[in-house]
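Got the structure open in your viewer? Here's a short tour, one selection at a time.

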Amino acid sequence: MSKTNCHHKWAMTNIRDGYLVTEGCFHCLNRVSFFSEEPVPPIDAYHEGDHFWSYLGSAQASKFDLRCGKCSKQIPLNELMALMLCVNCDPECGVFRAGHGEQDQKTWVYVALCADTSHASGTCVPDEGVRALNEYYQGDLENPQRIKVVPCRIRRSVDSCQGIVLADVGLTELY
Amino acid sequence: MKTSELVQRLGLKTFNEQGDKEIRGVYISDMVSDIIGIKEGNLLVTLQTHKNLIAAANLVDVAAVVYARGKTPPEDVIALANRAKIRLLGYDQDTWTLAKSLFELGVR
């Protein structure tokens, strides 16, 4: 089988543990996230061009890439910060619509969250990465339509979104 | 082994009556970010009773979730599990005791 015709069998590879750190700029009100592999997540505020980034929060998280066990193709998921389950809070949202197609069956939509939360830079998780994530999570299901992964750029509003982020928020907080 | 047989043999508590799935393995974890990498059909043993765990368990299509040490999920978590058709079970003793019992039953 040639590599281009491979029906990929994805597995996680290059798994890294660390923190998903979210920062906000009080100047432009944008939000960004990044993955830190430092033992303690960085919380210092800093100045970058027109931005004044301040720490908003962090959660323990894992990052990974996908590698096909048959053709060895590897998809780096550098832009993927976390996955989030859509709870269907907004019928006008692109994520809601992605889960309500013409099919009768129930589809659970997971949003691939990228680093540029506000999408000010116009970047998001690339289509190839989203496609591989779909193939990975749908791979062994009896009904592959049950799970669907979509990029966060189709989300209507980060401020009103009520989705459940798959991250370990609060495990390292002191109260 | 099906989850219904496991419930009977270990005397597990049942928090809902969802799908009776085949158990293809066991995974023990209390971290959501850890669970998203496991294979379909695992029995997930945990202490975490929050919604995020159900969201992750649904993504990887677990056979069932077992809460050890007598942990009880809140109503909104049970409601989400019902929508996802995930069976929620409870075990009164600690995780290690449960792991030993599962191994002795041949659930591996």
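In what order do the four strands of the open sheet in chain A stand? Select them and you should read off β8-β7-β6-β9, with mixed pairing. Keep in mind that you're looking at a predicted model.

Now colour the edges of that sheet. They are β8 (147–151) and β9 (164–165) of chain A. Each has a single partner strand, so one side of each is left without a neighbour in the sheet.

Next, zoom in on β6 (residues 80–85) and β7 (residues 108–114) of chain A. These two run antiparallel and are joined by five bridges. For a landmark, pick Leu85(A): across from it, in β7(A), is Tyr110(A).

Add residues 127–138 of chain A to the selection. That's helix α2, which packs on the sheet and touches β6, β7 and β8 of chain A. Its direction makes about 165° with that of β8(A).

Zoom out to the whole of chain A. You'll find 10 strands and two helices, and walking along the sequence gives β-β-β-β-β-β-α-β-α-β-β-β. The radius of gyration of chain A is 17 Å, close to the 16 Å from the globule rule for 175 residues, so chain A is as compact as a globular protein of that length. If you like boxes, the C-alpha atoms fill one of roughly 50 × 35 × 35 Å along the principal axes. Colour by burial and 31% of the 175 residues count as buried. For a contact map, take the contacts in chain A with a separation of 6 or more: 72% of them come from residues 24 or more positions apart.

Time to bring in chain B. Where the chains touch, 18 residues come from chain A and 15 residues from chain B. On the chain A side, the elements giving two or more residues are β1 (10–25), β4 (51–68), β6 and β7. β4(A) gives the most, with four residues. Colour that side by residue type and you get 14 nonpolar, two polar and two charged.

Last stop: the open sheet of chain B. Its five strands are ordered β1-β5-β4-β3-β2, again with mixed pairing. The edge strands here are β1 (13–14) and β2 (25–28), each pairing on one side only. Select β4 (residues 64–67) and β5 (residues 88–90) of chain B to see a parallel pair with three bridges. Within that pair, Tyr67(B) sits opposite Gly90(B) in β5(B).

Finish with helix α5 (residues 95–104) of chain B, which packs on the sheet and touches β2, β3 (42–46) and β4 of chain B. The direction of α5 makes about 170° with that of β2(B).

Note on methods. Residues numbered from 1 in each chain as written. Chains lettered and ligands numbered in written order. Predicted model: local features only at pLDDT ≥ 70, side-chain atom pairs only at ≥ 80, totals over all residues. Pairing = 2+ DSSP bridges. Contact = placed C-beta atoms within 7 Å. Axes fitted to C-alpha atoms, helices over the stretch in contact; angles between N-to-C directions. Rg over C-alpha atoms; globule rule 2.2 N^0.38 Å. Buried ≥ 20, exposed ≤ 12 C-beta atoms within 10 Å, placed from the backbone. Nonpolar A, V, L, I, M, F, W, Y, C, P; charged D, E, K, R; others polar.
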